[in-house]
Every structure is written in C-alpha cells, then in structure tokens.
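I opened this notebook to keep track of what I looked up, beginning with open spaces and ending with backbone angles.

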Amino acid sequence: MKSFKLTLLAITTALILQGCGDDSDSDDSPTSQPDQPDITQPDQPNIDTEIIGMWSSDDTPNGELSTIIFMDDGTYIQTQVDGSQSTSEAGNGMELGSYSVSSTEGKLTATPIFDKNGTSGLSDSVMRYAQVSNGKLILKVDENENGIIDSNESYRFSETKSEGILGPWDFDDADDNELLGLAFLENGTYIQVQVDEDGSVNNSENGMEWGNYTIDAVTGQLSTTIIYDDNAGTGLSEPRTRYARVIGNTTLTIEVDDNQDDVIDDEEMFKFSRP
C-alpha cells in the first residue's frame, strides 16, 4: 500500500416520528358509556436527520478542530484536536466506529472500531440524540448522565461544502477494510485519516493529520504545513512537490513527485471521487 493512499467516510440515516391515536368504543348495554368518537392524534413533523456528510463544530475556537463524518454504510469518523495541538494529549486524534439511530426518538448509539482520541468523540457510553435542523447538525449529549439533556448539552455543527477542492474525497484504489481519507475545509485546513486492515492504535501510521493548505491558482501546486500529525509518514506531511486538480467537481487528482525528479510518473498520480 502506498503511503499516500487516501479515502474518506461519511454517514447517513433517516428517522420518522409519528403520533398515532387509539380508538375507544363502548358496548350497547344500558350501563355502558356513550360511544366515544374516534380520536386520532395528528402526525408529528418528521425529525430532519439528513446527517450524511462532513460536519464541523460551530463552537470550536481558532487553533482547534472538531469534526464528525457520517456515512450511509453505518460508520462514522470523528476528529478532535484541542488548543494544545499535542499528539501526547489523550483527547486529540481520531476515532472510527459504527453507529445506529433509533427510528422513534433519534437516539444515537455508537460502537468504536478504532479509537485514538480517548474519551473524545462518540466512544464513551452516554445518551445521545442526533438530528438536522435548519441546515445544522444538532447533537444532544447527556454528559452528566442525569437522564435528561440539559440546556448546555446541545452542540451545533455546520456542514462542509463539497464544491471545487472543498469537502471530502474518496481514494478510488483503497484496499478493502481500510480507512484512508482526505478532506479540504473552507478555513484553509485539511484533514487526512488512515486506518489499515488491522486497525491497531499501536501502528504509528494509523491515525490522522491536520494542517494548512494553499493551491496555486495557475499551476495547481498544493502546499501544506502541518499543525497536528499522529500518522507518521503518510498523508501530506512529507515534503514533496504536489499538484491538485479538480475535474467537473466530481474527480480530484493529486500528483506527487515522490522521486523528486520533477517528473510525475503514472504511479505518482492518485485519483479521488466524491463520496
């Protein structure tokens, strides 16, 4: 597997909440109550849960990162970097897992597969609910485990645009059972994630990196500077000459001069598609 391979995940589901009524009938005996009319509760509005895509926290200060990606195959990715930007901070890093959402109340249940950010993300077993409202992903988390969602336990996320270079991209030649991914954000940062088939946190190449990027408008040359890197030797952290080109808003090619000979060979071209 080339060290540069990338692909990305994202998650979706649908939730429907309906009200229903009960019919109450009486018999014809003299002691019975008069017939009661049928009463049907009006349908409750559908809970908007179009959570497919990549979401960034609205409450994250500059110099920090908090994103979550939901995918329609029942998996998710969560990335977290606090103000320390330190790889030794237990809460920094990424996690990959599976999830489900109840069809009646939007309750979100998550099971980690790979967890390299401690108690951050969805790995701790507390009560959570998820829905999309007015274009925002709303996560409600019972952090103090008192059985209710308090006013300070609701978190808002904005969806990352998928236009031009922006948004998540899937590496077309990713191996089965691997997570290899890349996304470009509007604030000039990118995220790269990688987990191999074994999914071991002891593999130094498994994890994420987060950095700044610029793209030359004429040549397409992609330049990056690292902010956080806990997947050594993979992604965009190595000093290389790279070019990024988007075709029709659906295909991204990244050309990497691995040999540093100013020539891009076929094996140094990597193709991506929108997830």
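Which strands each supply at least two residues of the lining of the second largest pocket? I found that β1 (53-57), β2, β8 and β12 (207-215) each do so. I note here that I am working from a predicted model.

Entry on the second largest pocket. I looked up its volume and read about 390 Å³ of space. The pocket is lined by 21 residues, and those closest to its centre are Ser56, Ser57, Leu65, Leu185 and Asn187. When I asked which element supplies the largest share of this lining, I found β2, with 3 residues. Sorting the lining by class, I wrote down 5 nonpolar, 12 polar and 4 charged residues.

Entry on the largest pocket. I then turned to the largest pocket, for which I noted a volume of about 450 Å³. Its lining is made of 24 residues, of which Ser66, Gln80, Gly121, Glu143 and Tyr155 are the closest to the centre. I also looked up the elements that give two or more residues to this lining, and they are β2 (65-70), β3 (75-81), β7 (136-141) and β8 (154-159). Here β2 gives the most, with 4 residues. By class, I counted off 10 nonpolar, 9 polar and 5 charged residues in the lining of the largest pocket.

Entry on backbone angles. Before looking at single residues, I reminded myself that most residues other than glycine have a negative phi. Against that background I noted Asn177, which is not a glycine and yet has a positive phi of about 65°. I located Asn177 in the loop between β9 (167-171) and β10 (179-184). Is Asn177 buried or exposed? I read a relative accessible area of 67% for Asn177, and because exposed means over 50%, I entered this residue as exposed.

I made a further note on Asn249, which also is not a glycine and has a positive phi of about 65°. Asn249 sits in the loop between β14 (242-247) and β15 (251-256). Its relative accessible area is 33%, and because this value falls between the 20% limit for buried and the 50% limit for exposed, I entered Asn249 as partly exposed.

Last entry, for rereading. I come back to β2, which gives the most to the lining of the largest pocket and also supplies the largest share of the lining of the second largest pocket.

How values were computed
Residues numbered from 1 in each chain as written. Predicted model: local features only at pLDDT ≥ 70, side-chain atom pairs only at ≥ 80, totals over all residues. Heavy atoms only, no water. 1 Å grid on protein atoms, 1.4 Å probe; cavity = no way out; pocket = protein on both sides within 12 Å on 5 of 7 lines; lining within 4 Å. Points joined across faces, edges and corners; volume = space filled by probe spheres on them. Nonpolar A, V, L, I, M, F, W, Y, C, P; charged D, E, K, R; others polar. Buried < 20%, exposed > 50% of the residue type's maximum accessible area, 1.4 Å probe, protein only.
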